[in-house]
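This report describes one protein chain for a reader who is new to structures. Please look over the sequence and the model before reading on.

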Amino acid sequence: FNYAMVAVCLISASCYYMMGMEPEPSGIGVSTVLQDDGGSRPQFFFWMRYLDWLLTTPLIIACICMVAELSISEILFAVGLDMLMVASGFV
């Protein structure tokens, strides 16, 4: 369990570091999206945050399920629902 939690911290730290490398949000994992209202100010989309959540939250859910001594099918079901939740938030 400890290695999984260390992996969660390392993945999150590296993702958020890459997003905030520049003083202005233009690091790796940040895209500029034009606003629908025709405004001149760009809107920043931090897609690296969703990648971070897609990688780390299944590890956290799996660790919690293993501590609760759930079966493999229940762990996979919980992890699958978690990934579906993160993917639906991306859209």
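The text goes from the whole chain to its helices and then to a few single residues.

**The model and its confidence**

This is a predicted model, in which local features need pLDDT of at least 70 and side-chain atom pairs count only at pLDDT 80 or more, while totals for chains, interfaces and linings use all residues. Residues are numbered from 1 along each chain as its sequence is written, and side-chain values use heavy atoms, with hydrogens and water left out. The term pLDDT stands for the predictor's confidence in each residue, from 0 to 100. Its average over the protein chain is 82, and 74% of the residues score at least 70. Among the elements, helix α3 (residues 72-90) has the highest mean pLDDT, 92, and strand β1 (residues 30-33) has the lowest, 65.

**The chain as a whole**

The protein chain contains 3 helices and 2 strands, in the order α-β-β-α-α from the N terminus on. Helices (H or I, at least four residues) and strands (E, at least two) are DSSP runs, numbered from the N terminus. Of the 91 residues, 21% count as buried. Buried means under 20% relative accessible area, exposed means over 50%, and partly exposed lies in between (1.4 Å probe, protein chains only). The accessible surface comes to about 6500 Å² (Shrake-Rupley method, 1.4 Å probe), and carbon and sulfur atoms make up 69% of that surface. A contact means heavy atoms within 4.5 Å. Among contacts with a separation of 6 or more, 49% join residues 24 or more positions apart.

**Helix α1**

Helix α1 covers residues 2-19, and its 18 residues should span 26 Å at 1.5 Å a residue. The expected span is 1.5 Å times one less than the number of residues. The end C-alpha atoms of α1 are 26 Å apart, which agrees. Which residues of α1 are buried? They are A4, V8, S12, C15 and M19. Seen down the axis of α1, the buried residues fall within an arc of 70 degrees, so they line one face of the helix. That arc is taken from the directions from the helix axis to the C-beta atoms. On the face turned away from the buried side are the exposed residues N2, Y3, C9, L10 and Y17.

**Where α1 meets α2**

T56 belongs to helix α2 (residues 47-67). Not counting residues up to four places away in sequence, T56 touches V8, I11 and S12. S12, in helix α1, is in contact with D52 and T56, its neighbours within four places left aside. A polar contact (N or O atoms within 3.5 Å, one able to donate a hydrogen and the other to accept it; residues adjacent in sequence count only if both atoms are side-chain atoms) joins the side chains of S12 and D52 at 3.0 Å. The backbone oxygen of D52 also lies 2.8 Å from a polar atom of the T56 side chain.

**Three residues compared by accessibility**

| Residue | Place | Relative accessibility | Class |
|---|---|---|---|
| T56 | helix α2 | 3% | buried |
| M66 | helix α2 | 43% | partly exposed |
| E69 | loop between α2 and α3 | 72% | exposed |

M66 is in contact with F1 and I75, leaving aside neighbours within four places in sequence. The C-alpha atoms of M66 and F1 are separated by 8.8 Å, although the two residues are 65 apart along the chain. E69 has a phi near 60 degrees, a positive value in a residue other than glycine.
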